Amino acid sequence: ALPAAFAHLMKVLEQLSDGFDSEVVRGEVHHCPVHPDVLSTKQEGACSECQRGLVPRRIPYSFIHARAETPHLKLNLEPHPAPEVGETTRLRIQLQYADESPVLETDLWPMHTEIGQVLVTGPDLSDFRHLALEAGEEPGHYGCDFRPRQAGKHRLHVVLTPYLTGLPEFHSSDLEVAGANASPERKRPPVESLSSLVEDGQFHLSVGGTKGRQLRSGELQLLQLQVFDAEGQPVQMLEPFRNAFAHITAFYTENGPETGETVLQLHPTGGDILQDVLRGGPSLAFKIYSPRAGLLRLFCEVQLNGKRILAPFYVRIVE
């Protein structure tokens, strides 16, 4: 039905175009990043409110999977003090364009209420932290606080969406954490596990609502999540945070054509949750598209009674 609906849309737009100047129909819309209601078809214009130069208008790309593109931004990471287990360090992040000019806060699309996200995975994907990027006092300088729970090599993925493209970019960097409680070497490879039992609840995944079905690479499929409390009762009071009742982040457990840099971010179907008083659960559905086969380390975040709960899984993607 999608091609037919798109053809109908194009027909309607063609009819509407008769009422507008041809240059407007063919032109690209430019707007002010700070005052989006200031519009122009001329790129050389300036905002009437703040005199800022206009940029091409882009709709932020809410994605199931986005192929890695050539980054438009450069990132430099400097933790201070040096990361240690149990101690809070400030992850100082400097963002620049190719010409080394600073990336301002107004140059970034807020995605799920944040101008940028910092995804931190622990050794062997044993831990996961989802941090919000905060703008610093100096132009182009950002940061967030991080308190490691484990020693060893961590991996940072900084997720940014520039105004100029509307496409998410993933910038990665390694971070070594000092401490005595380094995680032991994994004795056996991980296996698929679609259930996660944590202190605050029970989480179960299924594909298309039917147990036993497989996720396949290159296919858009439905992933079902069921949430229960510690006593096994369905949870219907999930609280929205970052405009969603749950957030799923997945990483490949082994290197491949994308050298391990592919990150999947999933949010429940139905759109953003814009009212804090709403509650969700016990069932949530996610659309998932995996570009290749492999074993995914999947982390699901929910919030209940003001507390964030993290549930880990291993999910197998087959050809």
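This report describes salt bridges, one buried arginine and two open sheets in a predicted model.

The structure is a predicted model in which local features need pLDDT of at least 70 and side-chain atom pairs count only at pLDDT 80 or more, while totals for chains, interfaces and linings use all residues. Residues are numbered from 1 along each chain as its sequence is written, and side-chain values use heavy atoms, with hydrogens and water left out.

## Salt bridges

A salt bridge is taken here as a side-chain nitrogen of Lys or Arg within 4 Å of a carboxyl oxygen of Asp or Glu. By this criterion, a search of the whole structure finds eight salt bridges. The table lists some of them.

| Pair | Closest N to O distance |
|---|---|
| Asp-107 and Arg-52 | 2.5 Å |
| Lys-153 and Asp-174 | 3.5 Å |
| Lys-307 and Asp-200 | 3.2 Å |

Strands, like helices, are DSSP runs numbered from the N terminus; a strand (E) has at least two residues and a helix (H or I) at least four. Asp-107 forms its salt bridge with Arg-52. Because Asp-107 lies in the loop between strand S5 (89-96) and strand S6 (117-121), and Arg-52 in the loop between strand S2 (39-40) and strand S3 (55-56), the pair ties together parts that are 55 residues apart in sequence. Burial is judged by relative accessible area: under 20% is buried, over 50% is exposed, and values in between are partly exposed (1.4 Å probe, protein chains only). Asp-107 is buried at 11%, whereas Arg-52 is partly exposed at 22%.

Lys-153 forms a salt bridge with Asp-174. Lys-153 belongs to strand S10 (residues 152-160) and Asp-174 to strand S11 (residues 169-177), so this pair links parts that are 21 residues apart in sequence. Asp-174 is partly exposed, with a relative accessible area of 38%.

The side chains of Lys-307 and Asp-200 also meet in a salt bridge. Lys-307 lies in strand S20 (residues 307-318) and Asp-200 in the loop between strand S12 (195-198) and strand S13 (201-207), so the pair ties together parts that are 107 residues apart in sequence. Both partners are partly exposed, Lys-307 at 42% and Asp-200 at 30%. In addition, salt bridges that share partners join Arg-90, Glu-134 and Asp-145 into one network.

## A buried arginine without a salt bridge

Arg-129 lies in strand S7 (residues 128-132). Arg-129 is buried yet has no salt bridge, and the nearest side chain of opposite charge, Asp-127, is 4.1 Å away. For charge, Lys and Arg count as positive and Asp and Glu as negative; His and the chain ends are not counted. A polar atom of the Arg-129 side chain lies 2.9 Å from the backbone oxygen of Arg-147.

## Two open sheets

Two strands pair if DSSP finds at least two bridges between them. One open sheet has five strands in the order S14-S20-S19-S16-S17, with mixed pairing. Its edge strands are S14 (215-216) and S17 (263-266), each pairing on one side only. Strand S16 (residues 247-252) runs antiparallel to S17 and is joined to it by four bridges, with Ile-248 opposite Leu-266 in S17.

Another open sheet has four strands in the order S12-S13-S15-S18, with antiparallel pairing. S12 and strand S18 (283-289) stand at the edges with a single partner strand each, so one side of each is left without a neighbour in the sheet. S12 and S13 pair in the antiparallel sense over four bridges, and Ser-195 stands opposite His-204 in S13.

Note on methods
A polar contact is a pair of N or O atoms within 3.5 Å; within protein, one must be able to donate a hydrogen and the other to accept it, and residues adjacent in sequence count only if both atoms are side-chain atoms.
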